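I wanted a set of short notes on one protein chain. I began with the overall make-up and then went to single residues.

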Amino acid sequence: MPRQKKSIKVYESHRMYYGWIINPANSLPIDEVLAVFMRAPNSYTREDIVEIQCHGSYLVLQEILSIIIAGNARLAEPGEFTKRAFLNGRLDLTQAEAVLELIEAKTEVGRAIAVGQLQGRLHEKVSAIQERLVAMRAIIEVAIDFPEDESDILDAAALQEQLRIEVEEPLAALIARAEEGKIFREGISAVILGRPNVGKSSLLNTLLQEDRALVTPVPGTTRDTIEEFVTIKGMPVRIVDTAGIRHTSEAVEEMGIQRARAKLADADLVLFMLDATEPLTEEDKVLYSSIKQNRKKQKVLLVLNKIDIGPWASPEQFRAALGREELVSVSAKLQTNIPELKDRIFALITGPKKGTGWDPGAAVVPNVRHQNALKKALEACGRVRRGLDVDISPDLLAIDIQSTLDHLGNIVGETTAEDVLDMIFERFCIGK
């Protein structure tokens with residue numbers, strides 16, 4: 001096996017080389033590997049990079065890494081490779097963030113959104129708005145340079161209309177998209193709530209398609225909250241099965257009930273389960289009233305279970321008794337109407353405007369950081385429009401135009417503060 005050292009200049013860029021990693025301390029082989037040298041600027045970071053592909057043994061990885069570090073290399077900081085790609089101009093900041101979102105994607109829709117951002121779709125939208133603002137600023141700066149011709153240069157009405165169509169409306173559309181994107185990126189929390197033995201655990205098992213929770217005819221079987229993720233039409237949903245909330249003297253069950261109340265307070269959606277074989281009880285009514293006491297405004301969907309056994313009353317009677325229209329009749333045991341339940345959950349969270357034709361891979365979906373910057377840009381843009389209304393001086397108009405540009409630059413990384421950059425890249429795992 002060859003052991004001689006070679007200058008990196010003799011290696012061809014982007015070609016795989018076969019060989020062995022040798023321990024320099026004792027000249028013994030560690031592993032059979034493939035290595036590739038990628039010459040700048042044709043690499044992920046636009047710097048010279050060497051990648052070593054070895055067998056997946058933890059011990060082998062540790063030994064090879066120790067040898068590399070002994071050769072004056074160091075461990076990469078969290079997100080350092082992607083940060084270098086950003087600083088060297090290969091990625092803008094939205095694309096760098098998309099790398100992390102792709103890694104953390106919980107669903108196919110979340111992955112598609114991240115890939116779209118990685119391909120530069122958000123950057124393109126922001127850049128188009130920036131170009132229009134720069135053109136407007138150029139007109140305003142001409143008016144500053146030639147004050148005697150200001151009235152001829154600045155057509156306030158035309159500039160306002162241009163501002164509305166080419167800047168404010170695209171900004172507003174991106175802000176609205178951010179709200180939708182948050183649901184698919186981060187998901188929602190849905191609590192299954194109901195008195196004991198109405199079928200909460202059966203519903204959890206049905207949604208997961210596995211026996212995650214114990215199911216018995218004995219009320220109070222679930223003593224603690226059980227949490228699992230399920231994907232509903234591309235939306236990550238953390239389903240929380242709670243202990244049946246009731247008065248009890250049993251200490252362990254009471255602890256579970258207290259945890260159930262805490263989960264209820266944080267939930268985005270409450271699936272309030274009722275037993276179709278029994279009339280509405282006082283316990284049902286008291287428990288339902290506890291939802292309204294939460295400070296967080298939650299979506300609520302009534303789920304009438306056990307319709308396979310036989311309904312005690314029509315769904316309309318349950319709706320009327322609780323004063324709520326949203327109700328789905330199901331059999332968790334036989335999985336009856338479960339697809340309809342999922343459709344109603346999705347519609348409640350996303351709203352009726354989200355149809356099946358929405359393509360997340362083609363959509364431009366800003367994240368929360370982008371949304372905050374977009375809102376600030378829209379506010380600054382509003383100041384420009386109001387300034388044109390009252391014939392404010394071009395110097396002040398130029399300041400607000402620049403402020404709008406700065407907020408947009410913050411999105412793509414042109415004007416982003418160093419501490420914000422550190423915060424973004426620290427979220428990455430080591431080596432990305």
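The entries below follow the order in which I looked things up.

**Entry 1: the whole chain.** I noted at the start that this is a predicted model. I counted the secondary structure of the protein chain and got 15 helices and nine strands. The protein chain has 432 residues, and 44% of them are buried. I then looked up the contacts between residues at least 6 apart in sequence, and 67% of these join residues at least 24 apart. For the accessible surface of the protein chain I wrote down about 22800 Å², with 53% of it belonging to carbon and sulfur atoms.

**Entry 2: the nonpolar cores.** Which residues have the most contacts inside the largest nonpolar core? I found L203, M235 and L341, in a core of 33 residues. Helix 12, residues 338-350, gives the largest share of this core, with six residues. I followed L203 further and left aside its neighbours within four places in sequence. L203 is then in contact with I192, L271, M273, V303, A332, I338 and L341. Another core lies apart from the one with L203; it has 28 residues, including L163, V384, L388 and V412.

**Entry 3: backbone details.** I looked up the peptide bond that joins A40 and P41 and recorded it as cis, with omega about 5°. P41 sits in the loop between strand 2 (29-38) and strand 3 (49-53).

I next checked two residues other than glycine with a positive phi. For N72, phi is near 75°, and for K306, phi is near 70°. N72 belongs to the loop between helix 1 (58-70) and helix 2 (80-87). K306 is in the loop between strand 8 (299-305) and helix 11 (315-322).

Is N72 buried or exposed? Its relative accessibility is 78%, so I put N72 down as exposed. K306 has a relative accessibility of 18%, which means that K306 counts as buried, the cut-off being under 20%.

**Entry 4: salt bridges.** Side chains of opposite charge can pair when their charged atoms come close. I recorded a count of 23 salt bridges and looked up several of them.

D422 pairs with K83, and their closest N and O atoms are 3.0 Å apart. This pair links distant parts of the chain, 339 residues apart, with D422 in helix 15 (residues 418-426) and K83 in helix 2. I noted D422 as partly exposed, at a relative accessible area of 28%.

R137 pairs with E141, and here the closest N and O atoms are 3.8 Å apart. Why are R137 and E141 separated by about one helical turn? They are separated by that much because they are four residues apart in helix 5 (residues 121-145). R137 is partly exposed, with a relative accessible area of 21%. E141 also counts as partly exposed, at 36% relative accessibility.

R385 forms a salt bridge with E168, with the closest N and O atoms 3.0 Å apart. R385 lies in helix 13 (residues 368-389) and E168 in helix 7 (residues 156-186), so the pair ties together parts 217 residues apart in sequence. I have R385 as partly exposed, at 28% relative accessibility, and E168 as buried, at a relative accessible area of 11%.

My last note is on a network: E47, R74, E80 and R84 are joined by salt bridges that share partners.

Methods. Residues numbered from 1 in each chain as written. Predicted model: local features only at pLDDT ≥ 70, side-chain atom pairs only at ≥ 80, totals over all residues. Heavy atoms only, no water. Core = buried A, V, L, I, M, F, W, Y, C linked by side-chain atoms within 4.5 Å. Buried < 20%, exposed > 50% of the residue type's maximum accessible area, 1.4 Å probe, protein only. Contact = heavy atoms within 4.5 Å. Areas by Shrake-Rupley, 256 points an atom, 1.4 Å probe, with all protein chains shown as cover. Salt bridge = Lys/Arg side-chain N within 4 Å of Asp/Glu carboxyl O.
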